[in-house]
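Please look through the structure below with one helix and its charged side chains in mind. The paragraphs that follow it begin with pairs inside that helix and then turn to contacts between separate parts of the chain.

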Amino acid sequence: MEKIIVYDLNQTLYEKSSKDEFFKFVCYKKGYKLINLFQIAWIQFLGELQLVSKTHFKENFYNYLDHLPPEKVKKYAKQFWDVEYPEHFREEMINRIKKSAEKGITVYIITGGFEVYTKYLEELLPVKVLGTLTEYKDEDYRIIGKTCNDEEKVRRLKEEVAGDYRLLETYSDDDEDILHHAEKGFLLKDGKLELVENKNRRQD
């Protein structure tokens, strides 16, 4: 039976928010106009107040990628992650990932970030990346299905893995659903890992 460990990306394995940092990076590359920045800042404000759905928020926040074909975004992603890794990643988690891979354990990064710019992490670490799926049509990125957050992370993992598996550990800075599907779920809080009580096991 396949053994699996899952890491969240933003503010967990990666110390910052890739959504915000990649946005800044692309804006620098494209020389974005101020009015575009205000529009995106407004969408982010609504998202933080939970006045729009996560899917609607992400589709509109990532409007800055419009007119950039996937090949161009992937090129920017390589440049971006080559700068950010490993300096802005948690060293202890990087070491755990490498040791787990050496033991034959499959390690996933499962993130709400678009796969088009997070998939490159597979080139830097012995991991598989599952992110929010998109299609590029009429120079616009549209989310396929739902954003890869909360229970969608669990569904995507089950869809990805062929057959039965053991989810040994999960790591996240948010007390999300996938933490409670693992044998051990670790919540990153104030820079420290805390073992969470398994809600699913408690209900059995």
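In this predicted model, Glu152 and Arg155 both belong to helix H7, where they sit three residues apart, or about one turn of the helix. Their side chains form a salt bridge in which the closest N and O atoms are 2.8 Å apart. An α-helix has 3.6 residues a turn, so residues three or four places apart point the same way. The two partners differ in their surroundings: Glu152 counts as buried because its relative accessibility is 9%, and the cut-off for buried is under 20%, whereas Arg155, at 39% relative accessibility, counts as partly exposed.

Arg155 also pairs with Glu159, and here the closest N and O atoms of the salt bridge are 3.1 Å apart. Glu159 and Arg155 are again both residues of helix H7, this time four residues apart, which is likewise about one turn of the helix. Glu159 is exposed, since its relative accessible area is 54% and the cut-off for exposed is over 50%.

What does the buried part of helix H7 consist of, and which elements does it pack against? Helix H7 spans residues 151-160, and its buried residues are Glu152, Lys153, Val154, Arg156 and Leu157. These buried residues of H7 pack against strand S1 (2-7), strand S2 (106-114), helix H6 (115-118), strand S3 (128-132) and strand S6 (165-172). Glu152 is thus listed among the buried residues of the helix while also taking part in the salt bridge with Arg155.

Strand S6, one of the elements against which the buried residues of H7 pack, brings in another charged pair. The side chains of Arg166 and Glu183 meet in a salt bridge, with an N to O distance of 2.8 Å. Because Arg166 lies in strand S6 and Glu183 in the loop between S6 and strand S7 (184-189), this pair ties together parts that are 17 residues apart in sequence. Both partners are partly exposed, Arg166 with a relative accessibility of 33% and Glu183 with a relative accessible area of 37%. Elsewhere, salt bridges that share partners join Lys16, Glu21, Lys24 and Glu84 into one network.

Side chains of opposite charge can pair when their charged atoms come close. Across the whole structure, a search finds 13 salt bridges, among them the pairing of Glu152 with Arg155 and that of Arg166 with Glu183.

Conventions
Residues are numbered from 1 along each chain as its sequence is written. This is a predicted model: local features need pLDDT of at least 70, side-chain atom pairs count only at pLDDT 80 or more; totals for chains, interfaces and linings use all residues. Side-chain values use heavy atoms; hydrogens and water are left out. Buried means under 20% relative accessible area, exposed over 50%, partly exposed in between (1.4 Å probe, protein chains only). Helices (H or I, at least four residues) and strands (E, at least two) are DSSP runs, numbered from the N terminus. Contact means heavy atoms within 4.5 Å. A salt bridge is a side-chain nitrogen of Lys or Arg within 4 Å of a carboxyl oxygen of Asp or Glu.
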